[in-house]
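The following exercises ask for a step-by-step reading of a single protein model. Each task is followed by a worked solution.

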Amino acid sequence: VDMRLAEVTVQNYRSITTQTKFAVNELTTLVGPNNEGKSNLLRALALGMDVIQRWSLLPASVARNGEISGSAASSVLRSRPSLRGSRLVNGYRWSEDYPLAKQDSRGTRPTLLKLLFQLEADEVRAFTEQTGITNNGSLPIEITLGRLSMTFGVVKPGRGAATHRAKSREIAQFIASRI
């Protein structure tokens with residue numbers, strides 16, 4: 001059984017400029033007029049899942065503190081969309097995937113992807129065993145993609161945030177093994 005994805009939030013990705021959130025259930029339908037961003041929401045979701053897989057494979061020395069930049073970030077984001085078998089493989093290129101209307105603005109904010117996973121009791125136990133971090137059943141992942149940098153981690157305000165950042169690779173490995 002795969003981990004349950006409960007909610008997706010996307011901002012500053014292709015045509016999606018404002019924070020857009022949708023719930024995910026057993027069957028989720030996106031409805032709306034043409035050219036309103038439904039496909040871009042799905043592309044963003046696929047990109048987020050791909051980043052989790054790629055982050056889980058990074059060397060520990062590269063993935064520490066939940067942030068990478070320069071050539072390391074480029075290598076994670078380099079691939080372009082293509083079909084391999086039946087799986088869409090995403091990539092991120094700032095000049096193409098960041099909203100064009102915002103690219104010349106000062107103080108651009110990164111592309112933001114949030115994926116909220118809900119863990120069953122056995123997954124909570126496995127998460128603690130694999131990462132050394134306790135969990136309450138909610139696993140909110142946040143990915144930011146900038147021009148030359150990216151971050152991956154659990155949204156954890158206050159105490160424990162540094163531990164979560166330091167364990168970003170282990171957290172990605174936990175999720176990647178279950179999606």
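Two strands are taken to pair if DSSP finds at least two bridges between them. The model treated here is predicted.

**Exercise 1. Determine how strand 1 is paired on its two sides, and name one bridge partner on each side.**

Step 1. Strand 1 covers residues 4-11, and 4 bridges join it to strand 2. At least two bridges are required for pairing, so strands 1 and 2 count as paired; their sense is antiparallel.

Step 2. One residue pair illustrates this contact: Val-8 has Phe-22 of strand 2 as its bridge partner.

Step 3. Strand 1 also pairs with strand 6, again in the antiparallel sense, over 7 bridges. Here Val-10 stands opposite Leu-113 of strand 6.

**Exercise 2. Establish the strand order of the 6-stranded sheet and state which strands stand at its edges.**

Step 1. Strand 6 continues the sheet to strand 7 through 8 bridges, the two strands running antiparallel. Leu-113 has Ile-143 of strand 7 as its bridge partner, and Thr-111 is matched with Leu-145 of strand 7.

Step 2. From strand 7 the pairing proceeds to strand 8 by 5 bridges, also antiparallel. Glu-142 stands opposite Gly-153 in strand 8, and a hairpin of 3 residues connects strand 7 to strand 8.

Step 3. The complete order is 2-1-6-7-8-3, in an open sheet with antiparallel pairing. Strand 2 (20-23) and strand 3 (67-69) each have a single partner strand, so these two are the edges, and one side of each lacks a neighbour in the sheet. From one strand to the next, the twist averages 10 degrees.

Step 4. A general remark completes the solution: strands of a sheet pair through backbone hydrogen bonds, either parallel or antiparallel.

**Exercise 3. Describe the largest nonpolar core: which residues touch the most other members, and which element gives the most to it?**

Step 1. The core holds 44 residues, and those that touch the most other members are Phe-117, Leu-139, Ile-141, Met-150 and Ile-175.

Step 2. Two or more residues come from each of strand 1, helix 1 (38-56), helix 3 (71-77), strand 6 (111-118), helix 5 (121-131), strand 7 (138-145), strand 8 (149-154) and helix 7 (168-176). Helix 1 gives the most, with 7 residues.

Step 3. Ile-141 shows the surroundings of one such residue. Leaving aside residues up to four places away in sequence, its contacts include Leu-113, Leu-115, Phe-117, Phe-152, Val-154, Ile-171 and Ile-175.

Step 4. Strand 6 is mostly covered, with 6 of its 8 residues buried.

**Exercise 4. Classify the aromatic pair of Tyr-13 and Tyr-92 and that of Trp-55 and Phe-152, and state which parts of the chain they connect.**

Step 1. The whole structure contains 4 aromatic pairs. In one of them, the ring centres of Tyr-13 and Tyr-92 are 6.5 Å apart and the planes make 25 degrees; planes under 30 degrees apart count as stacked, so this pair is stacked.

Step 2. Tyr-13 belongs to the loop between strand 1 and strand 2, whereas Tyr-92 belongs to the loop between strand 5 (87-89) and helix 4 (94-97); the pair therefore ties together parts 79 residues apart in sequence.

Step 3. Buried means under 20% relative accessible area. Tyr-13, at 0%, is therefore buried, and so is Tyr-92, at 5%.

Step 4. Trp-55 and Phe-152 are likewise stacked, at 5.5 Å centre to centre and 25 degrees between the planes. This pair links helix 1, which holds Trp-55, to strand 8, which holds Phe-152, across 97 residues. Trp-55 is buried at 0%, and Phe-152 is buried at 2%.

**Exercise 5. Compare Asn-12 and Arg-14 in backbone angle and in accessibility: is each buried or partly exposed?**

Step 1. Asn-12 lies in the loop between strand 1 and strand 2, and Arg-14 lies in the loop between these two strands as well.

Step 2. Phi is positive in both non-glycine residues: near 60 degrees for Asn-12 and near 55 degrees for Arg-14.

Step 3. With a relative accessibility of 1%, Asn-12 counts as buried. Arg-14, at 24%, counts as partly exposed.

Conventions. Residues numbered from 1 in each chain as written. Predicted model: local features only at pLDDT ≥ 70, side-chain atom pairs only at ≥ 80, totals over all residues. Heavy atoms only, no water. Helix = DSSP H or I, 4+ residues; strand = E, 2+ residues; numbered from the N terminus. Axes fitted to C-alpha atoms, helices over the stretch in contact; angles between N-to-C directions. Core = buried A, V, L, I, M, F, W, Y, C linked by side-chain atoms within 4.5 Å. Buried < 20%, exposed > 50% of the residue type's maximum accessible area, 1.4 Å probe, protein only. Contact = heavy atoms within 4.5 Å. Phe/Tyr/Trp six-rings, centres within 6.5 Å; stacked < 30°, edge-to-face > 60°.
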